[in-house]
Amino acid sequence: MILVTGATGNVGRHLVGELLSAGARVRALTRDPATAHLPADAEVARTDEMPLDGVTSFFLNPTVFWNGLGDVLARAKDAGVRRIVMLSSSAAADADSDNELAAKHLRMEEAVEQTGLEWTFLRPGVFASNSLGWRKEILAGEPVREPFAAGLSTPIHERDIAAVAARALLTDDLVGAKPVLTGPEGITAPEMVRLIGEAAGRPARFEEISPEEAREKMLKMPYMREGIVDVLLQLRKDAEHRPVEISPEVERITGRPGRTFAEWAADHADDFR
């Protein structure tokens, strides 16, 4: 039995499908099973109940435990869980203690390591699905307003993260590994907006704003604190002045190239219509 936390999230929903397709037994955790709309073959349970009986492997999504892991790891070990695959962040590859995102994920990684269980830490960079945050503006015909227009990122499709996670849960290939995961290309935010517009068949415009204006806007968003906002803005600024780094790990692990942002836009076209 494989336990998937965050089962209705961008990665979790695809991971549940990947695991079921491979013939695995899946227990999918969600806040509200009645509205989860998960596959019938999955056993669906409430996150706050965290049933661990019979579970051998555990997909740990940190956003579910952002306020602290509590006794989750101890309970997992006591229940006989043998492996934890954690959705970490490429920020964790940067041990700079001033980076709040890096520090948060590193603390969780260290807690998992200390259990003595088998582990894999998936370290994706920018999620292509972050672009869903532009949905309101694009649907309203307003410009997407972001800073540092020339900065390149390597957005990764959530399906590729799920495919790697499934590999880590179903095989021994990635035990003890910390693969950094990216998309297959460097791309700017204006290019991403254009591709979304083309896929959705509607106008989509980009407008560059100052870092100060962006900071004010981001601080109004849920779950955004000053430390995280400042880290994100610094990463975007740095992206204008350094070569983009594309990881080969998705193709190496899955045996096929990672999906481009154009493919992501096509898959999510209905979200922008």
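**Exercise 1. Arg256 and its acidic partner**

Task: Establish how exposed Arg256 is, and then find which residue forms a salt bridge with Arg256 and what parts of the chain the pair ties together.

Solution: Arg256 has a relative accessible area of 25% and is therefore partly exposed, a value that belongs, like every other one in these exercises, to a predicted model. The next step is to look for a carboxyl oxygen close to the side chain of Arg256, and the partner turns out to be Asp160, with the closest N and O atoms 2.9 Å apart. Arg256 lies in the loop between helix 9 (249–254) and helix 10 (261–267), whereas Asp160 belongs to helix 5 (residues 158–170), so the salt bridge ties together parts that are 96 residues apart in sequence. The last step is to check the burial of the acidic partner: Asp160 has a relative accessible area of 1% and is therefore buried.

**Exercise 2. Two further salt bridges**

Task: Among the 17 salt bridges found in the whole structure, examine the pair Glu146 and Arg236 and the pair Asp270 and Arg273, and decide for each residue whether it is buried, partly exposed or exposed.

Solution: Begin with Glu146 and Arg236, whose side chains meet in a salt bridge at 2.6 Å, N to O. This pair links distant parts of the chain, since Glu146 is in strand 7 (residues 144–146) and Arg236 is in helix 8 (residues 226–239), 90 residues apart. Glu146 has a relative accessibility of 13% and so counts as buried, whereas Arg236, with a relative accessible area of 31%, is partly exposed. Turn next to Asp270 and Arg273, which form a salt bridge with their closest N and O atoms 2.5 Å apart; here both residues are exposed. Salt bridges can also share partners, and in this way Arg27, Glu43 and Asp53 are joined into one network.

**Exercise 3. A buried glutamate without a salt bridge**

Task: Locate Glu137, and explain why Glu137 has no salt bridge with the nearest side chain of opposite charge.

Solution: Glu137 is found in helix 4 (residues 135–139), and the residue is buried. The nearest side chain of opposite charge is that of Lys217, at a distance of 4.5 Å. A salt bridge requires the side-chain nitrogen to be within 4 Å of a carboxyl oxygen, so the pair does not qualify. Lys217 is nevertheless in contact with Glu137, as are Glu142, Pro143 and Val144, when neighbours within four places in sequence are left aside.

**Exercise 4. The order of the sheet and its edges**

Task: Work out the order and the sense of pairing of the seven strands in the open sheet, and state which strands stand at the edges.

Solution: The strands follow the order 3-2-1-4-5-6-9, and their pairing is parallel. Strand 3 (43–46) and strand 9 (180–181) stand at the edges with a single partner strand each, so one side of each has no neighbour in the sheet. At the strand 9 edge, two bridges pair this strand with strand 6 in the parallel sense, and Pro124 stands opposite Leu181 in strand 9. Moving inward, strand 5 and strand 6 pair over five bridges, with Leu122 in strand 6 as the bridge partner of Leu87. Four bridges then pair strand 4 (residues 57–60) with strand 5 (residues 83–87), where Val85 is the bridge partner of Phe59. Six of the seven residues of strand 6 are buried, so this strand is largely enclosed by the rest of the structure. Helix 3 (residues 100–113) lies across strand 4, strand 5 and strand 6 (118–124), and runs at about 165° to strand 6.

**Exercise 5. Strand 2 and Arg27**

Task: Determine how the residues of strand 2 point, and identify what stands opposite Arg27 in each of the two neighbouring strands.

Solution: In a regular strand the side chains alternate between the two faces of the sheet. In strand 2 (residues 26–30), five of the five residues are buried; Val26, Ala28 and Thr30 point one way, and Arg27 and Leu29 point the other way. Strand 1 (residues 2–4) is joined to strand 2 by three bridges, and Leu3 stands opposite Arg27. Together with helix 1 (residues 10–21), strand 1 and strand 2 make a right-handed β-α-β unit. Strand 2 is also joined to strand 3 by four bridges, and there the bridge partner of Arg27 is Glu43.

Methods. Residues are numbered from 1 along each chain as its sequence is written. This is a predicted model: local features need pLDDT of at least 70, side-chain atom pairs count only at pLDDT 80 or more; totals for chains, interfaces and linings use all residues. Side-chain values use heavy atoms; hydrogens and water are left out. Buried means under 20% relative accessible area, exposed over 50%, partly exposed in between (1.4 Å probe, protein chains only). Lys and Arg count as positive and Asp and Glu as negative; His and the chain ends are not counted. Contact means heavy atoms within 4.5 Å. Two strands pair if DSSP finds at least two bridges between them. Axes are lines fitted to C-alpha atoms, for helices over the stretch in contact, and angles run from 0 to 180 degrees between N-to-C directions. A crossover is right-handed if, with the strands pointing away from the viewer, the path from the first strand over the helix to the second runs clockwise.
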